[in-house]
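Visitor: I've got a few "how do you know that" questions about this protein chain. Could you walk me through the reasoning?

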Amino acid sequence: MSHDPYTSPSAPTRAPTPAPAPAPEDSATLRLPQIRARGDVRALRGAYRGLRRVATFAALGYFLAFLCLAAFAPSALTGDVTAGLPLGMLLALLQLPVIWLAIVLYEQIARRRVDPLVDRMEAKR
């Protein structure tokens, strides 16, 4: 018999802890493969994907166009739109409203396309 120097002979031994009881199967507890197999989840993921694309292209597309103009056509940005306001400054000032527009588009598309899918999935619970 080997002697363990880290345990004393008078130390109480612990009984092994029992495994937790499995959760009851009901409609609210679905396994991951069951969730992925549902067509509603695929439709919801597709709606979110489209939503992200619209918002990304609206905000980053405008900014990328502004950067490309600054890099490849800087003379176009120095021309005056009105007295004392160059085109580059106007486009830079319009960046914030374009981001706000992207946020508004995101919310409207979410209400129109994504929220009904979520409501339908919750109603099936």
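Guide: Sure, here we go, one label at a time, bearing in mind that this is a predicted model.

Visitor: Let's get the layout first. What makes up the secondary structure of the chain?

Guide: Five helices and two strands. Along the sequence they follow the pattern α-α-α-β-β-α-α.

Visitor: And how many of the residues in the chain are buried?

Guide: Buried residues come to 15% of the 125 residues. The accessible surface is about 10200 Å², with 65% of that belonging to carbon and sulfur atoms.

Visitor: Why is Gln95 called buried?

Guide: Its relative accessible area is 15%, and the cut-off for buried is under 20%, so Gln95 gets the label. Gln95 lies in helix H5. Setting aside residues up to four places away in sequence, Gln95 touches Ala59, Tyr62 and Phe63.

Visitor: What makes Phe66 buried or exposed?

Guide: Same kind of check. Phe66 has 18% relative accessibility; buried means under 20%, so Phe66 counts as buried. Phe66 sits in helix H2, and beyond residues up to four places away in sequence it touches Gly88, Leu91 and Ala92. Ala92 is 26 residues from Phe66 along the chain, yet their C-alpha atoms are separated by 7.7 Å.

Visitor: How much of the contact list is between residues far apart in sequence, say 24 or more positions?

Guide: Among contacts with a separation of 6 or more, 62% are between residues 24 or more positions apart.

Visitor: Which residues make up the largest nonpolar core?

Guide: Nine of them: Val41, Leu44, Ala47, Leu51, Ile109, Ala110, Val114, Leu117 and Met121. Helices H2 (39-72) and H5 each supply at least two residues of this core, and the largest share, five residues, comes from H5.

Visitor: What is Val114 in contact with?

Guide: Leaving out neighbours within four places in sequence, Val114 is in contact with Leu44, Ala47, Tyr48, Leu51 and Ile109.

Visitor: How do you know that Arg111 and Glu107 meet in a salt bridge?

Guide: Their side chains come to 3.9 Å, N to O. The limit is a side-chain nitrogen of Lys or Arg within 4 Å of a carboxyl oxygen of Asp or Glu, so the pair qualifies. Side chains of opposite charge can pair when their charged atoms come close. A search of the whole structure finds one salt bridge.

Visitor: Where do Arg111 and Glu107 sit relative to each other?

Guide: Both are in helix H5, and because they are four residues apart, about one helical turn separates them.

Visitor: Why does Arg111 count as exposed and Glu107 as partly exposed?

Guide: Arg111 has a relative accessible area of 54% and exposed means over 50%, so Arg111 is exposed. Glu107 has 39%, which falls between the 20% and 50% cut-offs, so Glu107 is partly exposed.

Visitor: Last one: what makes Leu96 fit in a nonpolar surface patch?

Guide: Leu96 has a relative accessible area of 44%, and patch residues need over 30%, so Leu96 passes that test. By the burial cut-offs, Leu96 is partly exposed. Leu96 is found in helix H5 (residues 95-124). Together with Ile99, Trp100 and Ile103, Leu96 makes a patch of about 390 Å².

Key: Residues numbered from 1 in each chain as written. Predicted model: local features only at pLDDT ≥ 70, side-chain atom pairs only at ≥ 80, totals over all residues. Heavy atoms only, no water. Patch = residues over 30% accessible without salt bridge, like charges linked within 9 Å, V, L, I, M, F, W, Y side chains within 5 Å. Areas by Shrake-Rupley, 256 points an atom, 1.4 Å probe, with all protein chains shown as cover. Buried < 20%, exposed > 50% of the residue type's maximum accessible area, 1.4 Å probe, protein only. Contact = heavy atoms within 4.5 Å. Core = buried A, V, L, I, M, F, W, Y, C linked by side-chain atoms within 4.5 Å.
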